[in-house]
Structure formats: C-alpha cells, structure tokens
Number of protein chains: 2
Amino acid sequence: MLSKKTKYAFHALSYLAENQEKGAVLIQEIAFSKNISHKFLENILLELKKAGILGSKKGKGGGYYLIKKPEEITLAKIIRLLNGPIAWLPCVSLNYYEKCSDCPDEATCNMHLIMCQVRDQTLAVVENKTLADLTAKNTDKQTFKY
Amino acid sequence: MLSKKTKYAFHALSYLAENQEKGAVLIQEIAFSKNISHKFLENILLELKKAGILGSKKGKGGGYYLIKKPEEITLAKIIRLLNGPIAWLPCVSLNYYEKCSDCPDEATCNMHLIMCQVRDQTLAVVENKTLADLTAKNTDKQTFKY
DNA sequence: CATAAAACCTACAAACTAAATAGGGTAATA
DNA sequence: TATTACCCTATTTAGTTTGTAGGTTTTATG
C-alpha cells in the first residue's frame, strides 16, 4: 500500500500543477487546501525539492513551484522517493537493490524470476504515467499505453 | 515489499511441496531446514491451514502436509493471506476494499484508474503463478504467460 | 536598516505495525 | 497412559510511519 506521505506528495504536486500560473505557492495554502498537516507537508516538499522536482523561494512572497513540466514527472519517481522500492523483493529492485539473505543464487531462483515479472509489469504502468495524467480533468485526455 | 511472514510461508510451502512423499512433516523439521523460528512458523502454518491450503495430523507421527496440488495454489492467494492487499490503494483492492477518505469520487479519480491498472498488471502475474512454479528445478518448466 | 514572512533544518514524540516469544491447552496415537 | 505435537492467547520487542516543536536563514519591503 502507498503510504500517507506518498499520497500527500501526489496531492501537493497536483495542486502545484493546477496552479502553475500562480508562481510560488505557500506550504500553508497547499496544506489547507488538501487537508495535510503543515509541518508534515513541509518535510515532503523539501524532499521533492532535493530530488529536483520542485523549486522554492524563501522570504516574503516565497513558496514552492514545479521546475519540470507535469508530463516529465513520472509516478514511478515520486513513489520511489517517498514510498521506497517498487519491487516486492530487495534482490529485484532496480533502485534499492540488496542481496536476499535467504537466497543462495539469484540466477536460478524461481521466486526471483517471478518477482522480476511483477516489477516489470508494475513499472510498465508507473514509468509511463505522469503528473499530467493525474491532473487531466477528462478521461479522454488520459494516455493509455497498453 | 513482501513481509518476512510471507517469505517464510513461501519457504515452508516449497519445502512441503518438495517433500510430499513424506506425508506429514514436523514444524520443527521445516523450521530447522529453512532457518525460521519454530513458534513464528507455527502461527504461519496455522493460518495456511485455516485458509484450506494445508492439512495437519496431531500426535506422534503428526505434522503438516499440502491438501492441494502445488499447481492449484496461486502466489496471489498466499500473498493476500499473509502480506495483505496486493493493490496500492484500498479503493482499488478486490479483496480488502475500503473507500479512500480523501477521494470524493472513484469514478472520475485519475489516480484510481491508474492504480487499477497497476493492480491488474500485478495480478496478471501472481494469479497465474503457483507453488509449482516456485519448486520447478529448471527454468524450462516455467510457464511463461506473457 | 528594521521587520515580518516564509522556507529550511534538527530533533524528538506518539502511534502503529511487524516480528518474535512465552506458556499453556487440547487432541491424537503408539 | 504417557508422549508427541498441534492449537490458541497474550505479551514483548523492534522498527517504521506519522506528526510535532522550536529555532535558523533568507528575502521582500517600508
């Protein structure tokens, strides 16, 4: 299941995508609008900034804003950043790889093979869906990739 | 990520599948062979029994055994039982459905739609893979469904 | 320059979940 | 009838997620 943090990130990013013309938007405004704890959201936006997805401006009139087009921000990137690995096993993760302690040989491990398939099927969706797909008002605008 | 409980379940089931000719197998034997805490494994096997996957025999010479063919036990069933929902959002879960608190309307929610796709892609793998695929010694025996 | 407003940073507390342990109860069988 | 091993409940331990607190730095502006 996706964590609250991840869901909050999607909500916040959607808000920023839908209000790009405003320029910098206050944490406060997003938090109130999406019903998220101000301080908790602060941490999330900071992470998104460090990951190069958001920009920020300090001081009066400051706030956060997108520094990429919504079409360039994949769901996979957000999920990996805030939710952690997409794969079901560490030995199958592309971004958080770790050797499985209980598996002697990945090459011949049947579980490994199957979990690779699960990972690839999942990625086929989330690597090809972007923030733009989340904010599209009509299903017509959705880009079905498969 | 799959929980330890889930991985233990797969290990135990594999052991039982590979030792079907033995009849009832001691918890102790599985725990030792797969390096799992005896008591923890006891709980897991009990859950699998209640779910109709395992049978048991009490008293001397007792133990656990499969009551279905390995080909009839899907990975999806085991994962749902021990790991919980396969879906990434409660509003998209087939077996653990719950309305999302922050979503006003599933029918028009873009996230809902995308998460359905993720779920279906995942299920396409784990509903069609069984315990038999886990214990197959050669990759030749694997049944590739896509 | 002074001030207010806002992001930034560090640390911690509370709540929840997963993992493991303990100890006994109950049923079957040699 | 004693032994063996499943069955059940509760508790502890550890780890993660979620949320809170307070201070620091930057910047626009009067």
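## Two protein chains on two DNA strands: a predicted model

Chain A is divided into domain 1 (4-66) and domain 2 (85-129), with bounds that come from an automatic or database domain assignment. The centres of domain 1 of chain A and domain 2 of chain A, taken over C-alpha atoms, are separated by 32 Å. This is a predicted model, in which local features need pLDDT of at least 70 and side-chain atom pairs count only at pLDDT 80 or more, while totals for chains, interfaces and linings use all residues. Residues are numbered from 1 along each chain as its sequence is written, chains are lettered from A and ligands numbered from 1 in the order in which they are written, and side-chain values use heavy atoms, with hydrogens and water left out.

**Relation of the two chains.** A turn of 180 degrees and a shift of 0.0 Å along the axis lay chain A on chain B with an RMSD of 0.1 Å; the superposition is by least squares on the C-alpha atoms of residues with pLDDT of at least 70 in both copies. The two copies are thus related as by a two-fold rotation axis. Within chain A, the C-alpha nearest the axis belongs to A:Q121, at 2.7 Å from it. The same surface serves both copies, since 100% of the contact residues of chain A recur in chain B (contact means heavy atoms within 4.5 Å).

**DNA strand D.** A residue is near a strand if one of its heavy atoms lies within 4 Å of it. DNA strand D is surrounded by 24 residues, the closest being A:K4, A:K39, B:E42, B:K49 and B:Y64. Of the atoms of DNA strand D that come within 4 Å of the protein, sugar and phosphate account for 68%. At least two residues of this surface are supplied by each of α1 (4-18) and α3 (38-50) of chain A and α3 (38-50), β1 (54-57) and β2 (63-66) of chain B; helices (H or I, at least four residues) and strands (E, at least two) are DSSP runs, numbered from the N terminus. The element that gives the most is α3(B), with 5 residues.

**DNA strand C.** Around DNA strand C there are 26 residues, of which A:E42, A:K49, A:S56, A:Y64 and B:K39 are the closest. Sugar or phosphate makes up 68% of the atoms of DNA strand C within 4 Å of the protein, and bases the rest. Here α3(A) contributes the largest share of the surface, 5 residues. By class, the surface near DNA strand C has 6 nonpolar, 7 polar and 13 charged residues, and the surface near DNA strand D has 6 nonpolar, 7 polar and 11 charged. Ala, Val, Leu, Ile, Met, Phe, Trp, Tyr, Cys and Pro count as nonpolar, Asp, Glu, Lys and Arg as charged, and the others, Gly among them, as polar.

**Polar contacts with DNA.** A polar contact is a pair of N or O atoms within 3.5 Å. Examples follow.

| Protein atom | DNA atom | Distance |
|---|---|---|
| A:K4, backbone N or O | strand D, phosphate oxygen | 2.9 Å |
| A:Y8, side-chain N or O | strand D, phosphate oxygen | 3.4 Å |
| A:K39, polar side-chain atom | strand D, base oxygen | 2.2 Å |
| B:K39, polar side-chain atom | strand C, base oxygen | 2.4 Å |
| B:K58, polar side-chain atom | strand C, sugar or linking oxygen | 3.0 Å |

**Aromatic pairs.** Rings of Phe, Tyr and Trp (its six-membered ring) pair if their centres lie within 6.5 Å, with planes under 30 degrees apart counted as stacked, over 60 as edge-to-face and the rest as tilted. The count comes to 2 aromatic pairs over all chains. The ring centres of A:Y8 and A:F40 are 5.8 Å apart and their planes stand at 85 degrees, so the pair is edge-to-face. Because A:Y8 lies in helix α1 of chain A and A:F40 in helix α3 of chain A, this pair ties together parts that are 32 residues apart in sequence.

How values were computed: Polar contact = N/O pair within 3.5 Å; in protein donor to acceptor, adjacent residues only side chain to side chain.
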